[in-house]
Amino acid sequence: MIVGVPTEIKTDEYRVACTPAGVRELTEHGHAVVIQQGAGEGSAISDEDYRSQGARILPDADAVFGEAEMIVKVKEPQPEEVARLEARHLLFTYLHLAPDPDLTRGLVASGATCVAYETVEDTRGRLPLLAPMSEVAGKIATQAGAFMLEKPLGGRGILLGGVPGVAAANVMIIGGGVVGMNAAFIALGMEATVYVFDRNIDRLRDLDIAFGGRADTCYASTLDIETRLPDMDLVIGAVLVHGAKAPYVVRRDQLKLMKKNAVLVDVSIDQGGCFETSKPTTHSDPTYEVDGVTHYCVANMPGAVPITSTYALTNATLPYVLHLADAGPARAAEENPGLAKGFNVVAGKVTYQPVAEATDQPYVELSDVLGAAA
Ligand SMILES: NC(=O)c1ccc[n+]([C@@H]2O[C@H](COP(=O)([O-])OP(=O)(O)OC[C@H]3O[C@@H](n4cnc5c(N)ncnc54)[C@H](O)[C@@H]3O)[C@@H](O)[C@H]2O)c1
């Protein structure tokens, strides 16, 4: 198969979907790899680094989409990339379609086979291609929140860890999955007072053991969240219902309960956001204010630390890229049911139920269209 890697074009996105190690493995499996000139620059990978492992460097995205059968990316395709997709393409990237009916319609119209990193599951039902970026985003969430709490940045002017004789800041984390746990560990490392809310009691049990009593775990009822909000300096939203649009865990009318210039960090923004007042922002302009509360809603947080994120992501994606390239999408999906869960759009049909429901598209069983997969 010819595997193509274009340069990411989303604002402030510096990751790349394949490293020289990936090129080496793909070429050793007999595949050809074409990389857009400069695609690795943001992650400190040169064209020569790719070339030395067997890749061909192509001058622009048109050339990569023109030659490649499989397109491997990081972020969801931007409109000009959707316009380049054809039915013969297999697209493997983050898609986050549930909150994005326009993108879903674009992918349906392209006829391409579109496999989403974030809905691929492992044998235990976990999300192996979301986890590495969630680890990164969770750690950034606390860092960014601590920074935005500084007075010159519009924050309350409180130090997360306090000092002897002055209390630490209060941090509430809603959603104690991969993002939430990593955010909590950094907040604990900074010596904040930490509360982690989730609705999954087994998860709260695991977290309780992991924290060793250093953070409080709380059941995420609406009332409990509301009762604690007035004391919080930083609230990190990290809930996920697999593949679906994020539920709102803080409503607009609850913002008035919060301290002036407290900070909300909505990591779930890529699934539509879990605070009612969230809207996507960028690293260049990461925050805005609603009712006196700072909102940080960067949709590609790991893009800011590409040297960590590119390797963390590609370590996880490479086995799946190899399987898709070796077996072709139809056989790969049959051989690995967890990978089959990643197939969101195939041959003009939505094959992932939560996306179909959220975007008002008809849902078609994957097995009905898998034969037509690119
Ligand atoms: N903005 C970014 O750059 C970025 C980067 C990585 C991940 N994310 C997003 O972060 C979110 C969380 O990812 P994750 O890997 O931690 O997911 P996860 O599945 O590991 O954890 C989600 C947790 O949310 C909990 N949950 C679900 N509904 C809840 C509710 N109503 N109240 C409280 N808890 C609830 C679940 O029980 C689970 O423990 C996802 O939307 C993911 O796409 C964003």
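**Entry 1: the shell around the ligand**

I sorted the residues of the shell around the ligand by type and got 16 nonpolar, ten polar and four charged. I note here that the model I am reading is a predicted one.

I then looked up which residues come nearest. Of the 30 residues around the ligand, these are Ser134, Val179, Asp198, Asp270 and Met301.

**Entry 2: contacts with the ligand**

I looked for close atom pairs. Ser134 places a polar side-chain atom 2.7 Å from an oxygen atom of the ligand. With Val178 it is a backbone N or O atom that lies 3.0 Å from an oxygen atom of the ligand. Val267 also uses a backbone N or O atom, 3.1 Å from a nitrogen atom of the ligand.

How much of the ligand's accessible area does the protein cover? On its own the ligand has 870 Å², and the protein covers 89% of this.

I also checked which elements give two or more residues to the shell, and found helix H6 (131-148) and helix H7 (178-189). H6 gives the most, with three residues.

**Entry 3: the sheet of seven strands**

I traced an open sheet of seven strands with mixed pairing, in the order E9-E8-E7-E10-E11-E13-E12. Its edge strands are strand E9 (216-219) and strand E12 (287-290), and each of them pairs on one side only. On average, neighbouring strands of this sheet are turned by 20° against each other, direction ignored.

At the E12 edge I followed the pairing with strand E13 (residues 293-296): the two run antiparallel and are joined by four bridges. Thr287 has Tyr296 of E13 opposite.

At the E9 edge I found helix H8 (residues 201-211), which lies across strand E8 (193-198) and E9. H8 runs at about 170° to E9.

**Entry 4: the sheet of eight strands**

I traced another open sheet, of eight strands, in the order E3-E2-E1-E4-E5-E6-E14-E15, and its pairing is mixed. Why is one side of strand E3 (56-58) and of strand E15 (349-350) left without a neighbour in the sheet? Both stand at the edges and have a single partner strand each, so nothing in the sheet pairs with the other side.

Further in, I looked at strand E6 (residues 113-116) and strand E14 (residues 343-346), which pair in the antiparallel sense over two bridges. Cys114 has Val345 in E14 as its bridge partner.

Last, I looked up helix H10 (residues 306-335). H10 lies across strand E1 (2-5), strand E4 (70-72), strand E5 (90-93), E6 and E14. Its direction is at about 145° to E5.

Technical notes
Residues numbered from 1 in each chain as written. Predicted model: local features only at pLDDT ≥ 70, side-chain atom pairs only at ≥ 80, totals over all residues. Heavy atoms only, no water. Near = heavy atom within 4 Å. Polar contact = N/O pair within 3.5 Å; in protein donor to acceptor, adjacent residues only side chain to side chain. Areas by Shrake-Rupley, 256 points an atom, 1.4 Å probe, with all protein chains shown as cover. Nonpolar A, V, L, I, M, F, W, Y, C, P; charged D, E, K, R; others polar. Pairing = 2+ DSSP bridges. Axes fitted to C-alpha atoms, helices over the stretch in contact; angles between N-to-C directions. Contact = heavy atoms within 4.5 Å.
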